[in-house]
Amino acid sequence: MTVPPTHQRPLAPVAPDRPANGAAPTAFAALMRGNAERIREKRQSLRAGLRSDHFRFLLVLGVIAYVATFVVYNYFFTHVGFTNHTFPHTWVLGYPSFKTEYEGRWFADILIQLTGGSGVPTFLIALAAAVQIVNAFVFAAIWRVRNRATLVVLVLLFCFHPAILDYYSFSVDHVSFVIGDLLAILGTLALDRLRNRWYRIPLAILAFALALATYQPKIALIALLLIAWCLRPGDDNEVEAAAPAMVRRVAVAVASLSASVVVYYLSVLLTAARSGGERRHINSVSRMIETFADSYRETIANFTTRVDYLPSLLSFLPALLFVAAVAVLLVRARRRGLAPVILSVLLIACVPPALQLSYIINDETWASVGRILSVHLYLVGFAVIVVMAANTLGRIAVGVGSTVLLYFFVTVASQEANSAALREVYDTAKVQRIVTRIEQVVPDGLASPRPVVVIGELPLQSEQPFKRLPNLLYGAHVNSEPFVAYRQTLILNFFLGRPVIVAPTEAQIASATKAAGTHRAWPASDAVFVTDDGVLTVLLQPYRDGVPVTWKR
């Protein structure tokens, strides 16, 4: 073997992305180098952001807001609670559960499994309260809000708006509700920040579809966020580009929402095994047109005559805020030309149908409940951002008005929590009294399973109200009757400590209601009795048409 002379210079190493013949780098190598450079820039930008004063401000604000949430909603952080969803939601749920197969909420089912597979309300609200604060920050990021006063107002609104209490009223859905909101916000943020249409629109569609799979009424929130996004000025400051930019946004928004609905619908066809009853109902076209027209009247009422979470003298504040926001939007659009004004008017006119979109699609949607009308929070938040960004006067006016709103929001939230704690004491004692009477009446001591028919309800009739403001518009589920007809067998079995109560048949219900005519209602000594054919009957109210009765087997 020939050994090269020591004076001969070795060949220089060849760069991995450069051929030995000195040819130019390949296109792939250039692409990889460009991607590495962009990743390095993003990493440096993220590192700088985490070290910035703004991030430290957000961190401090988030901690303060979380502590305030714990103080106001303390009962929900420290008690399991007792509602008509405590059972079966506190049980370990299999997968797929009824959330997927019956309700079509397959992503909510996944979230439940990820958080342990059962309802642990004290743990879930601890997570949900943190996510809700993140929702406020991400919502502010869509509109590039940096003003600290605006951020403080937004975060506190997100924590204490009267509709949010309903998110925390269930035993297993806390995280699902707030994650659904977060997905809708992230989808909108993707459309706003990502520049490559090949992945920004698919990512938005995916986020919106997942939001619908957590809770279908999130479609109203998605629609509202997209309208608000379309109303924001485009990146190009040229006056001539204003109208085309808005048109492009509208086209992207409509396509994204439509595609997400199709994706979600196909996913339900693949996952839902049973009819969801009113949850799967879709209005006829004529009914959709009718509810679309009604949406304007309903929206006006929701922000005027139905505002019962404020004193009557201040019930005009939400409507005044929206009028101010509309004025600011139109003035801003006028500076950019006539076409943006026309487009802005059309988009603003779409807000009421967006808020009522759940009812336009399905008129069997629950009315006056916070989890569905929580979209109102986001309209308030958007209006606050618009007006506070207008000028100093707007910031001062909204700051004062928001302080008033937040005072009453905190009052409503704290008194709702206190009322829930007192109701739990009463409702638990009520069921215990019923169980005691049952054990006294049944001759065999419930040695074998027995059908039970409960006739009527026994609600708390307090001598004085627990709440200054009723908040009926954003009704929380925690205020509903726990010992309700479709949960009575589960609740009685829990308090008896063993599964000895079974749901009645239709014939057994008929036997119990017929025998009820010869007995006195609770608390009479004969209010709990056994019929001739062995049906255990609890008569809480005199029986007549319309009085609730235990659901049949």
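Leaving aside neighbours within four places in sequence, which residues is F76 in contact with? In this predicted model, the partners of F76 are P121, T122, I125, L165, Y168, A417, A420 and V478. That makes F76 a handy place to start a tour, and the interior is our first stop.

F76 belongs to the largest nonpolar core, a set of 123 residues. Together with F139, W143 and Y378, F76 is among the residues with the most contacts inside this core. If you would like to see where the core draws its members from, look at helix α11, spanning residues 218–231: this helix supplies the largest share, with 13 residues. Apart from that core lies another one, made of 23 residues, including I434, V435, F483 and I491.

Let us turn now to the charged side chains. The structure holds 20 salt bridges, and a few of them deserve a closer look. Take D166 and R371, whose closest N and O atoms are 2.8 Å apart. In sequence these two are 205 residues apart: D166 sits in the loop between α8 (148–160) and α9 (174–193), while R371 belongs to helix α18 (residues 370–373). Are the two partners buried or exposed? D166 has a relative accessibility of 0% and so counts as buried. R371 is buried as well, with a relative accessible area of 9%.

Another pair to display is D192 with R249, where the closest N and O atoms are 3.8 Å apart. Because D192 lies in helix α9 and R249 in helix α12 (residues 242–271), this salt bridge ties together parts that are 57 residues apart in sequence. D192 is buried, its relative accessible area being 3%, and R249 also counts as buried, at 9% relative accessibility.

A pair with a more mixed setting comes next: E416 is buried, at 0% relative accessibility, whereas K467 is partly exposed, with a relative accessible area of 22%. The two form a salt bridge whose closest N and O atoms are 3.3 Å apart. Here the link runs from helix α20 (residues 392–441), which holds E416, to the loop between β1 (450–455) and α21 (488–496), which holds K467; the partners are 51 residues apart.

Finally, which residues are joined into one network by salt bridges that share partners? They are K99, E103, R105 and D173.

Terms used
Residues are numbered from 1 along each chain as its sequence is written. This is a predicted model: local features need pLDDT of at least 70, side-chain atom pairs count only at pLDDT 80 or more; totals for chains, interfaces and linings use all residues. Side-chain values use heavy atoms; hydrogens and water are left out. A nonpolar core is a set of buried Ala, Val, Leu, Ile, Met, Phe, Trp, Tyr and Cys residues joined through side-chain atoms within 4.5 Å. Buried means under 20% relative accessible area, exposed over 50%, partly exposed in between (1.4 Å probe, protein chains only). Helices (H or I, at least four residues) and strands (E, at least two) are DSSP runs, numbered from the N terminus. Contact means heavy atoms within 4.5 Å. A salt bridge is a side-chain nitrogen of Lys or Arg within 4 Å of a carboxyl oxygen of Asp or Glu.
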